[in-house]
Amino acid sequence: MEKFIINGGHKLNGDIYISGAKNAAVAILPAAILADGPCILENVPMINDVSVCLKILSEMGADVKMLNKSTIQIDARHIRDTVVPYEKARLFRASYYFMGALLTKFNHAKVSMPGGCALGDRPIDQHLKCFKALGANYSIESGIVEITADRLYGTQIYFDKITVGATINAMLAAVKVDGLTILENAAKEPHIVDLANFLNSMGAEIMGAGTDVIKIRGVKKLTGTQYAIIPDQIEAGTYMVAAAAAGGDVTIRNVIPKHLEPISSKLEKMGVIIEEHDDSLRIIGSNRPYERMNLKTMPHPGFPTDMQPQFAALLTLSNGTSIITESIYEDRFRYVDELRRMGADISVDGKVAVIEGVDKLTGAPVKAADLRAGAALIIAGLCAKGVTEIEDIFHIERGYEDLAAKLRAIGADIVKREFPGPDAMRIAM
Ligand code: EPU
(Lines give C-alpha, C1' and ligand atoms only; values in the text may rest on other atoms or scores of the structure.)
Protein backbone atom coordinates (compact mmCIF):
# COMPACT_ATOMS: atom_id res chain seq x y z
CA MET A 1 0.00 0.00 0.00
CA GLU A 2 1.27 3.47 -0.86
CA LYS A 3 0.74 6.58 1.23
CA PHE A 4 1.61 10.26 1.03
CA ILE A 5 3.38 11.45 4.17
CA ILE A 6 3.22 15.19 4.70
CA ASN A 7 5.05 17.13 7.36
CA GLY A 8 2.92 20.28 7.44
CA GLY A 9 3.64 23.90 8.15
CA HIS A 10 6.05 24.76 5.34
CA LYS A 11 5.36 27.82 3.20
CA LEU A 12 5.27 27.21 -0.55
CA ASN A 13 7.47 29.29 -2.85
CA GLY A 14 8.42 28.99 -6.51
CA ASP A 15 6.94 27.85 -9.82
CA ILE A 16 4.68 24.93 -10.51
CA TYR A 17 3.91 23.69 -14.04
CA ILE A 18 0.39 22.46 -14.83
CA SER A 19 -0.12 19.28 -16.91
CA GLY A 20 -2.73 18.66 -19.60
CA ALA A 21 -6.38 18.42 -18.54
CA LYS A 22 -7.52 14.99 -17.34
CA ASN A 23 -11.13 15.48 -18.31
CA ALA A 24 -10.17 16.69 -21.80
CA ALA A 25 -7.62 13.88 -22.31
CA VAL A 26 -10.07 11.11 -21.37
CA ALA A 27 -12.49 12.40 -24.04
CA ILE A 28 -9.90 13.15 -26.73
CA LEU A 29 -8.10 9.78 -26.50
CA PRO A 30 -11.23 7.73 -27.39
CA ALA A 31 -12.05 10.35 -30.06
CA ALA A 32 -8.79 9.43 -31.82
CA ILE A 33 -10.57 6.19 -32.84
CA LEU A 34 -12.46 8.26 -35.40
CA ALA A 35 -9.42 9.39 -37.41
CA ASP A 36 -8.47 7.78 -40.71
CA GLY A 37 -4.80 8.44 -39.89
CA PRO A 38 -2.42 8.90 -36.94
CA CYS A 39 -3.21 11.54 -34.29
CA ILE A 40 -0.36 13.17 -32.39
CA LEU A 41 -1.51 14.46 -29.01
CA GLU A 42 0.64 16.87 -27.00
CA ASN A 43 0.36 17.96 -23.37
CA VAL A 44 -1.14 14.59 -22.38
CA PRO A 45 -1.08 14.21 -18.56
CA MET A 46 0.65 11.03 -17.39
CA ILE A 47 -1.96 9.97 -14.86
CA ASN A 48 -3.63 6.64 -14.17
CA ASP A 49 -6.86 7.43 -16.04
CA VAL A 50 -4.84 8.14 -19.18
CA SER A 51 -2.82 4.90 -18.79
CA VAL A 52 -6.03 2.84 -18.60
CA CYS A 53 -7.47 4.65 -21.61
CA LEU A 54 -4.33 3.97 -23.64
CA LYS A 55 -4.38 0.33 -22.58
CA ILE A 56 -7.96 -0.03 -23.81
CA LEU A 57 -6.97 1.54 -27.15
CA SER A 58 -3.94 -0.78 -27.54
CA GLU A 59 -5.91 -3.89 -26.62
CA MET A 60 -8.51 -2.96 -29.24
CA GLY A 61 -5.78 -2.90 -31.88
CA ALA A 62 -4.65 0.75 -32.00
CA ASP A 63 -0.97 1.47 -32.45
CA VAL A 64 -0.02 3.69 -29.45
CA LYS A 65 3.47 5.25 -29.29
CA MET A 66 4.93 7.57 -26.65
CA LEU A 67 6.88 10.21 -28.60
CA ASN A 68 8.06 11.95 -25.42
CA LYS A 69 6.92 12.34 -21.80
CA SER A 70 3.69 14.13 -22.72
CA THR A 71 3.25 13.42 -26.45
CA ILE A 72 1.49 10.33 -27.77
CA GLN A 73 0.81 9.08 -31.27
CA ILE A 74 -2.34 7.00 -31.75
CA ASP A 75 -3.07 5.24 -35.00
CA ALA A 76 -6.48 3.62 -34.63
CA ARG A 77 -6.92 2.52 -38.26
CA HIS A 78 -6.53 -1.15 -37.34
CA ILE A 79 -9.08 -1.25 -34.53
CA ARG A 80 -11.70 -3.93 -35.19
CA ASP A 81 -12.82 -4.67 -31.63
CA THR A 82 -15.88 -2.77 -30.36
CA VAL A 83 -15.94 -4.13 -26.79
CA VAL A 84 -14.67 -2.46 -23.61
CA PRO A 85 -14.81 -5.10 -20.85
CA TYR A 86 -15.80 -4.60 -17.20
CA GLU A 87 -12.25 -4.95 -15.81
CA LYS A 88 -11.20 -1.81 -17.72
CA ALA A 89 -14.46 0.17 -17.82
CA ARG A 90 -14.82 0.05 -14.04
CA LEU A 91 -11.43 1.70 -13.54
CA PHE A 92 -12.50 5.15 -14.67
CA ARG A 93 -15.71 7.00 -15.26
CA ALA A 94 -14.82 8.25 -18.73
CA SER A 95 -14.80 4.73 -20.19
CA TYR A 96 -18.30 5.69 -21.36
CA TYR A 97 -16.76 7.89 -24.07
CA PHE A 98 -15.89 4.68 -25.91
CA MET A 99 -19.66 4.24 -26.40
CA GLY A 100 -20.01 7.40 -28.52
CA ALA A 101 -16.72 6.94 -30.39
CA LEU A 102 -17.23 3.24 -31.24
CA LEU A 103 -20.87 3.78 -32.20
CA THR A 104 -19.86 6.46 -34.72
CA LYS A 105 -17.04 4.43 -36.20
CA PHE A 106 -18.59 0.94 -36.28
CA ASN A 107 -22.34 1.43 -35.67
CA HIS A 108 -21.77 -0.85 -32.69
CA ALA A 109 -20.38 -0.53 -29.15
CA LYS A 110 -20.42 -2.91 -26.22
CA VAL A 111 -19.11 -1.15 -23.12
CA SER A 112 -19.50 -2.11 -19.50
CA MET A 113 -21.34 0.47 -17.37
CA PRO A 114 -18.71 2.78 -15.86
CA GLY A 115 -17.70 1.57 -12.40
CA GLY A 116 -19.38 2.59 -9.19
CA CYS A 117 -17.96 5.75 -7.72
CA ALA A 118 -18.10 7.65 -4.53
CA LEU A 119 -20.17 10.73 -5.37
CA GLY A 120 -23.70 9.30 -5.13
CA ASP A 121 -25.98 8.17 -7.94
CA ARG A 122 -24.55 8.95 -11.42
CA PRO A 123 -26.96 7.66 -14.05
CA ILE A 124 -26.19 7.70 -17.80
CA ASP A 125 -29.77 8.16 -19.00
CA GLN A 126 -28.91 11.35 -20.93
CA HIS A 127 -26.11 9.57 -22.83
CA LEU A 128 -28.49 6.78 -23.83
CA LYS A 129 -31.21 9.26 -24.77
CA CYS A 130 -28.76 10.89 -27.23
CA PHE A 131 -27.76 7.60 -28.85
CA LYS A 132 -31.42 6.73 -29.30
CA ALA A 133 -32.28 10.16 -30.73
CA LEU A 134 -29.46 9.70 -33.28
CA GLY A 135 -31.07 6.45 -34.47
CA ALA A 136 -29.34 3.79 -32.33
CA ASN A 137 -30.90 1.11 -30.14
CA TYR A 138 -29.42 -0.03 -26.86
CA SER A 139 -29.84 -2.80 -24.34
CA ILE A 140 -28.33 -3.26 -20.88
CA GLU A 141 -27.65 -6.81 -19.77
CA SER A 142 -25.42 -8.03 -16.95
CA GLY A 143 -23.96 -4.55 -16.58
CA ILE A 144 -23.00 -4.25 -20.26
CA VAL A 145 -24.45 -1.56 -22.50
CA GLU A 146 -24.74 -2.70 -26.12
CA ILE A 147 -25.57 -0.02 -28.69
CA THR A 148 -26.27 -0.75 -32.34
CA ALA A 149 -27.42 1.27 -35.32
CA ASP A 150 -28.09 0.63 -39.01
CA ARG A 151 -27.68 4.29 -39.76
CA LEU A 152 -27.27 7.39 -37.58
CA TYR A 153 -28.87 10.69 -38.56
CA GLY A 154 -28.83 14.29 -37.36
CA THR A 155 -31.45 15.35 -34.85
CA GLN A 156 -32.27 17.89 -32.14
CA ILE A 157 -31.53 16.89 -28.53
CA TYR A 158 -32.49 18.83 -25.41
CA PHE A 159 -30.63 17.67 -22.29
CA ASP A 160 -32.95 17.34 -19.30
CA LYS A 161 -30.07 18.43 -17.10
CA ILE A 162 -26.69 19.93 -17.82
CA THR A 163 -24.23 17.08 -18.17
CA VAL A 164 -20.59 17.14 -19.25
CA GLY A 165 -20.44 13.42 -20.03
CA ALA A 166 -23.59 13.25 -22.16
CA THR A 167 -22.67 16.45 -24.04
CA ILE A 168 -19.30 14.89 -24.92
CA ASN A 169 -20.81 11.53 -25.85
CA ALA A 170 -23.41 13.22 -28.06
CA MET A 171 -20.66 15.18 -29.85
CA LEU A 172 -18.69 11.97 -30.41
CA ALA A 173 -21.73 10.06 -31.65
CA ALA A 174 -23.00 12.85 -33.95
CA VAL A 175 -19.77 13.91 -35.61
CA LYS A 176 -20.11 11.64 -38.69
CA VAL A 177 -23.89 11.16 -38.97
CA ASP A 178 -26.00 12.25 -41.97
CA GLY A 179 -27.20 15.81 -41.43
CA LEU A 180 -27.20 18.38 -38.65
CA THR A 181 -27.44 17.62 -34.92
CA ILE A 182 -28.35 20.39 -32.49
CA LEU A 183 -27.59 19.92 -28.78
CA GLU A 184 -29.51 22.25 -26.48
CA ASN A 185 -28.88 22.89 -22.78
CA ALA A 186 -25.37 21.58 -23.42
CA ALA A 187 -22.56 21.76 -20.85
CA LYS A 188 -19.98 24.54 -21.43
CA GLU A 189 -16.86 23.29 -19.61
CA PRO A 190 -13.44 24.10 -21.14
CA HIS A 191 -12.86 20.42 -21.97
CA ILE A 192 -16.01 20.42 -24.14
CA VAL A 193 -14.52 23.24 -26.20
CA ASP A 194 -11.22 21.34 -26.29
CA LEU A 195 -12.86 18.18 -27.66
CA ALA A 196 -14.70 20.27 -30.29
CA ASN A 197 -11.43 21.94 -31.32
CA PHE A 198 -9.71 18.55 -31.55
CA LEU A 199 -12.51 17.05 -33.68
CA ASN A 200 -12.61 20.18 -35.88
CA SER A 201 -8.85 19.87 -36.42
CA MET A 202 -9.66 16.38 -37.84
CA GLY A 203 -12.21 17.88 -40.25
CA ALA A 204 -15.39 17.86 -38.13
CA GLU A 205 -17.89 20.71 -38.32
CA ILE A 206 -18.82 21.55 -34.73
CA MET A 207 -20.03 25.05 -33.91
CA GLY A 208 -21.00 26.70 -30.65
CA ALA A 209 -19.02 24.55 -28.17
CA GLY A 210 -18.69 26.61 -24.98
CA THR A 211 -22.28 27.89 -25.32
CA ASP A 212 -25.42 25.98 -24.40
CA VAL A 213 -26.30 25.25 -28.06
CA ILE A 214 -23.84 23.11 -30.02
CA LYS A 215 -24.42 22.41 -33.72
CA ILE A 216 -22.73 19.45 -35.38
CA ARG A 217 -22.89 18.98 -39.12
CA GLY A 218 -21.94 15.37 -39.83
CA VAL A 219 -18.93 14.81 -42.12
CA LYS A 220 -17.97 11.70 -44.09
CA LYS A 221 -14.33 11.52 -43.07
CA LEU A 222 -12.08 12.59 -40.21
CA THR A 223 -8.33 12.72 -40.77
CA GLY A 224 -5.32 12.34 -38.45
CA THR A 225 -4.17 15.52 -36.74
CA GLN A 226 -1.68 17.05 -34.30
CA TYR A 227 -3.24 18.70 -31.25
CA ALA A 228 -2.20 20.03 -27.82
CA ILE A 229 -4.59 19.38 -24.92
CA ILE A 230 -5.52 22.39 -22.72
CA PRO A 231 -3.97 22.74 -19.25
CA ASP A 232 -5.87 21.18 -16.36
CA GLN A 233 -8.13 23.77 -14.75
CA ILE A 234 -8.67 21.65 -11.63
CA GLU A 235 -5.00 20.74 -11.12
CA ALA A 236 -4.19 24.47 -11.39
CA GLY A 237 -7.02 25.36 -9.00
CA THR A 238 -5.83 22.77 -6.50
CA TYR A 239 -2.31 24.25 -6.40
CA MET A 240 -3.75 27.78 -6.19
CA VAL A 241 -5.67 26.76 -3.08
CA ALA A 242 -2.64 24.88 -1.70
CA ALA A 243 -0.47 28.00 -2.13
CA ALA A 244 -3.11 30.17 -0.46
CA ALA A 245 -3.62 27.72 2.42
CA ALA A 246 0.06 27.06 3.18
CA GLY A 247 1.06 30.68 2.56
CA GLY A 248 4.00 31.83 0.46
CA ASP A 249 4.37 33.01 -3.12
CA VAL A 250 3.73 30.55 -5.95
CA THR A 251 3.50 31.06 -9.71
CA ILE A 252 1.23 28.56 -11.43
CA ARG A 253 2.49 28.16 -15.01
CA ASN A 254 0.91 26.77 -18.22
CA VAL A 255 -2.64 27.84 -17.40
CA ILE A 256 -5.47 29.61 -19.22
CA PRO A 257 -6.39 32.30 -16.64
CA LYS A 258 -9.92 32.68 -18.12
CA HIS A 259 -10.70 29.04 -17.23
CA LEU A 260 -9.66 29.76 -13.64
CA GLU A 261 -11.85 32.83 -13.07
CA PRO A 262 -14.53 30.99 -11.02
CA ILE A 263 -11.71 29.86 -8.70
CA SER A 264 -9.62 33.07 -8.68
CA SER A 265 -12.63 35.25 -7.90
CA LYS A 266 -13.48 33.16 -4.80
CA LEU A 267 -9.87 33.19 -3.57
CA GLU A 268 -9.65 36.96 -4.04
CA LYS A 269 -12.88 37.39 -2.11
CA MET A 270 -11.27 35.54 0.81
CA GLY A 271 -8.26 37.86 0.72
CA VAL A 272 -5.73 35.95 -1.40
CA ILE A 273 -3.66 38.17 -3.71
CA ILE A 274 -3.59 36.95 -7.32
CA GLU A 275 -1.59 38.48 -10.16
CA GLU A 276 -2.73 37.44 -13.63
CA HIS A 277 -0.29 37.07 -16.55
CA ASP A 278 -0.82 35.66 -20.09
CA ASP A 279 -0.37 31.99 -19.20
CA SER A 280 0.41 32.06 -15.49
CA LEU A 281 -1.04 33.20 -12.18
CA ARG A 282 0.94 34.32 -9.16
CA ILE A 283 -0.65 33.46 -5.81
CA ILE A 284 0.52 35.41 -2.78
CA GLY A 285 -0.69 33.84 0.45
CA SER A 286 -1.43 35.67 3.66
CA ASN A 287 -0.09 35.14 7.17
CA ARG A 288 -3.46 36.04 8.67
CA PRO A 289 -6.65 33.90 8.47
CA TYR A 290 -8.71 34.40 5.34
CA GLU A 291 -12.26 35.73 5.31
CA ARG A 292 -15.13 33.25 5.57
CA MET A 293 -17.14 32.61 2.42
CA ASN A 294 -20.22 30.84 1.08
CA LEU A 295 -20.06 28.88 -2.14
CA LYS A 296 -22.37 26.80 -4.28
CA THR A 297 -21.17 24.43 -6.99
CA MET A 298 -22.66 24.98 -10.44
CA PRO A 299 -21.96 23.88 -14.03
CA HIS A 300 -19.34 26.01 -15.85
CA PRO A 301 -18.92 28.99 -15.69
CA GLY A 302 -20.13 28.55 -12.11
CA PHE A 303 -17.94 27.33 -9.28
CA PRO A 304 -16.72 23.79 -10.20
CA THR A 305 -17.76 20.85 -8.04
CA ASP A 306 -14.27 19.41 -8.63
CA MET A 307 -12.84 22.29 -6.51
CA GLN A 308 -15.39 22.04 -3.68
CA PRO A 309 -13.40 19.72 -1.34
CA GLN A 310 -10.18 21.74 -1.77
CA PHE A 311 -11.98 24.98 -0.83
CA ALA A 312 -13.52 23.23 2.17
CA ALA A 313 -10.00 22.42 3.39
CA LEU A 314 -8.98 26.08 3.00
CA LEU A 315 -12.13 27.34 4.73
CA THR A 316 -11.51 25.17 7.81
CA LEU A 317 -8.86 27.75 8.79
CA SER A 318 -10.77 30.91 7.81
CA ASN A 319 -12.29 33.56 10.00
CA GLY A 320 -15.90 32.64 10.87
CA THR A 321 -18.64 30.43 9.45
CA SER A 322 -18.67 29.33 5.80
CA ILE A 323 -21.44 27.46 4.00
CA ILE A 324 -20.84 25.15 1.04
CA THR A 325 -23.76 23.93 -1.07
CA GLU A 326 -23.07 21.01 -3.41
CA SER A 327 -25.57 21.12 -6.26
CA ILE A 328 -24.04 18.67 -8.78
CA TYR A 329 -23.55 15.46 -6.78
CA GLU A 330 -25.59 13.79 -4.05
CA ASP A 331 -22.62 12.80 -1.94
CA ARG A 332 -19.46 14.82 -2.29
CA PHE A 333 -18.69 15.39 1.38
CA ARG A 334 -16.96 12.09 2.07
CA TYR A 335 -13.78 13.93 3.04
CA VAL A 336 -15.47 15.65 5.98
CA ASP A 337 -14.87 12.91 8.57
CA GLU A 338 -11.20 12.87 7.60
CA LEU A 339 -10.84 16.66 7.96
CA ARG A 340 -12.57 16.39 11.35
CA ARG A 341 -9.87 13.93 12.40
CA MET A 342 -7.42 16.75 11.72
CA GLY A 343 -9.35 19.19 13.93
CA ALA A 344 -11.75 20.79 11.43
CA ASP A 345 -15.19 21.86 12.64
CA ILE A 346 -17.61 20.87 9.85
CA SER A 347 -21.19 19.67 9.96
CA VAL A 348 -23.10 18.30 6.99
CA ASP A 349 -26.83 18.23 6.37
CA GLY A 350 -27.66 16.72 2.98
CA LYS A 351 -26.09 18.87 0.28
CA VAL A 352 -24.94 21.61 2.68
CA ALA A 353 -21.77 21.73 4.77
CA VAL A 354 -21.26 24.33 7.49
CA ILE A 355 -17.64 25.06 8.33
CA GLU A 356 -16.65 26.92 11.50
CA GLY A 357 -13.13 28.25 11.09
CA VAL A 358 -10.60 26.88 13.62
CA ASP A 359 -7.15 28.17 14.65
CA LYS A 360 -5.22 25.11 13.56
CA LEU A 361 -5.35 21.64 12.01
CA THR A 362 -3.15 18.84 13.30
CA GLY A 363 -1.65 15.98 11.28
CA ALA A 364 -3.45 12.61 11.45
CA PRO A 365 -3.74 9.31 9.56
CA VAL A 366 -6.51 9.81 6.97
CA LYS A 367 -7.95 8.13 3.85
CA ALA A 368 -8.74 9.60 0.44
CA ALA A 369 -12.33 8.65 -0.44
CA ASP A 370 -12.04 9.89 -4.03
CA LEU A 371 -9.81 12.02 -6.23
CA ARG A 372 -10.76 15.52 -5.07
CA ALA A 373 -11.37 14.37 -1.50
CA GLY A 374 -7.73 13.27 -1.60
CA ALA A 375 -6.70 16.71 -2.92
CA ALA A 376 -8.48 18.31 0.05
CA LEU A 377 -6.49 16.12 2.46
CA ILE A 378 -3.24 17.08 0.74
CA ILE A 379 -4.08 20.78 1.25
CA ALA A 380 -5.07 20.19 4.88
CA GLY A 381 -1.86 18.20 5.44
CA LEU A 382 0.27 21.03 4.00
CA CYS A 383 -1.03 23.50 6.60
CA ALA A 384 -1.51 21.13 9.53
CA LYS A 385 0.83 21.00 12.49
CA GLY A 386 2.69 17.68 12.47
CA VAL A 387 2.53 14.64 10.20
CA THR A 388 -0.42 13.61 8.00
CA GLU A 389 -0.43 10.12 6.45
CA ILE A 390 -2.83 9.77 3.53
CA GLU A 391 -4.00 6.28 2.52
CA ASP A 392 -5.70 5.15 -0.71
CA ILE A 393 -3.67 7.59 -2.76
CA PHE A 394 -4.44 5.72 -5.99
CA HIS A 395 -7.53 7.94 -6.12
CA ILE A 396 -5.28 11.01 -6.14
CA GLU A 397 -2.94 9.55 -8.75
CA ARG A 398 -5.85 9.06 -11.13
CA GLY A 399 -5.87 12.80 -11.70
CA TYR A 400 -2.66 14.50 -10.51
CA GLU A 401 0.61 13.97 -12.38
CA ASP A 402 3.75 13.83 -10.18
CA LEU A 403 1.91 15.48 -7.30
CA ALA A 404 4.53 14.92 -4.59
CA ALA A 405 7.44 15.97 -6.83
CA LYS A 406 5.63 19.13 -7.96
CA LEU A 407 4.85 20.12 -4.36
CA ARG A 408 8.36 19.28 -3.13
CA ALA A 409 9.79 21.59 -5.81
CA ILE A 410 7.97 24.52 -4.18
CA GLY A 411 9.02 23.69 -0.64
CA ALA A 412 6.48 21.15 0.67
CA ASP A 413 7.68 18.28 2.83
CA ILE A 414 5.79 15.42 1.16
CA VAL A 415 6.91 11.94 0.13
CA LYS A 416 5.22 8.85 -1.25
CA ARG A 417 6.04 5.74 0.73
CA GLU A 418 5.30 2.04 0.33
CA PHE A 419 3.82 0.21 3.36
CA PRO A 420 2.97 -3.47 3.79
CA GLY A 421 -0.61 -4.43 2.82
CA PRO A 422 -2.81 -4.07 -0.25
CA ASP A 423 -4.57 -0.91 -1.48
CA ALA A 424 -8.33 -0.82 -1.03
CA MET A 425 -10.25 -1.95 -4.10
CA ARG A 426 -9.73 0.53 -6.90
CA ILE A 427 -13.00 2.07 -7.95
CA ALA A 428 -13.78 4.49 -10.71
CA MET A 429 -14.76 8.15 -10.73
N1 EPU B 1 -26.38 13.02 -14.76
C2 EPU B 1 -27.60 12.42 -14.97
N3 EPU B 1 -27.76 11.69 -16.12
C4 EPU B 1 -26.79 11.54 -17.04
C5 EPU B 1 -25.54 12.16 -16.82
C6 EPU B 1 -25.37 12.90 -15.66
O7 EPU B 1 -28.52 12.52 -14.16
O8 EPU B 1 -27.01 10.87 -18.05
C9 EPU B 1 -26.17 13.81 -13.54
C10 EPU B 1 -25.04 13.26 -12.66
O11 EPU B 1 -25.51 12.24 -11.82
C12 EPU B 1 -24.58 14.50 -11.92
C13 EPU B 1 -24.81 15.62 -12.93
O14 EPU B 1 -25.74 15.11 -13.89
O15 EPU B 1 -25.41 14.70 -10.83
C16 EPU B 1 -23.59 16.09 -13.66
O17 EPU B 1 -22.94 14.98 -14.27
P18 EPU B 1 -21.97 15.16 -15.51
O19 EPU B 1 -22.43 14.28 -16.59
O20 EPU B 1 -21.81 16.61 -15.80
O21 EPU B 1 -20.63 14.61 -14.91
P22 EPU B 1 -19.70 13.47 -15.46
O23 EPU B 1 -19.58 13.56 -16.94
O24 EPU B 1 -20.09 12.17 -14.88
C25 EPU B 1 -17.57 14.98 -15.40
C26 EPU B 1 -16.20 14.86 -14.81
C27 EPU B 1 -16.28 14.99 -13.30
C28 EPU B 1 -16.93 16.34 -12.97
C29 EPU B 1 -18.27 16.48 -13.68
C30 EPU B 1 -18.91 17.84 -13.48
C31 EPU B 1 -15.08 13.43 -16.35
C32 EPU B 1 -14.49 12.11 -16.63
N33 EPU B 1 -15.64 13.57 -15.16
O34 EPU B 1 -18.33 13.90 -14.83
O35 EPU B 1 -14.96 14.97 -12.84
O36 EPU B 1 -17.15 16.41 -11.58
O37 EPU B 1 -18.12 16.24 -15.09
O38 EPU B 1 -18.08 18.85 -13.93
O39 EPU B 1 -15.02 14.32 -17.18
C40 EPU B 1 -13.25 14.78 -11.25
O41 EPU B 1 -12.46 15.09 -12.14
O42 EPU B 1 -12.93 14.73 -10.03
C43 EPU B 1 -14.63 14.46 -11.61
C44 EPU B 1 -15.47 13.82 -10.82
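**Exercise 1.** In this predicted model, determine which side chain of opposite charge is nearest to D194, and how far away it is.

*Solution.* Begin with the surroundings of D194: the residue is buried yet has no salt bridge. The nearest side chain of opposite charge belongs to K22, 14 Å away. A salt bridge requires a separation within 4 Å, so K22 does not qualify at 14 Å.

**Exercise 2.** Locate D194 in the secondary structure and identify the side chain with which its own side chain makes a polar contact.

*Solution.* First, D194 belongs to helix α7, which spans residues 190-201. Next, the polar contact of its side chain is with the side chain of Y227, at 2.5 Å. Finally, with neighbours within four places in sequence set aside, the contacts of D194 comprise A24, I28, Y227, A228, I229 and I230. Y227 thus appears both in the polar contact and in this list.

**Exercise 3.** State how many cavities of 30 Å³ or more a search of the whole structure finds, and describe the lining of the largest cavity.

*Solution.* The search returns 1 such cavity. The volume of the largest cavity is about 70 Å³. Its lining consists of A21, N23, P190, H191, I230, P231, D232, Q233, I234 and R372. Helices α7 and α8 are the elements that contribute two or more residues to this lining. I230, one of the lining residues, is also in contact with D194.

**Exercise 4.** Identify the buried residues of helix α9 and the elements against which they pack.

*Solution.* Within α9 (residues 261-270), the buried positions are P262, I263, S264, K266, L267 and M270. These residues pack against α8, β16, β17, β18 and α10. Just after the helix, G271 adopts a positive phi of about 110°.

Technical notes:
Residues numbered from 1 in each chain as written. Predicted model: local features only at pLDDT ≥ 70, side-chain atom pairs only at ≥ 80, totals over all residues. Heavy atoms only, no water. Helix = DSSP H or I, 4+ residues; strand = E, 2+ residues; numbered from the N terminus. Buried < 20%, exposed > 50% of the residue type's maximum accessible area, 1.4 Å probe, protein only. Lys, Arg positive; Asp, Glu negative; His and termini not counted. Polar contact = N/O pair within 3.5 Å; in protein donor to acceptor, adjacent residues only side chain to side chain. Contact = heavy atoms within 4.5 Å. 1 Å grid on protein atoms, 1.4 Å probe; cavity = no way out; pocket = protein on both sides within 12 Å on 5 of 7 lines; lining within 4 Å. Points joined across faces, edges and corners; volume = space filled by probe spheres on them.
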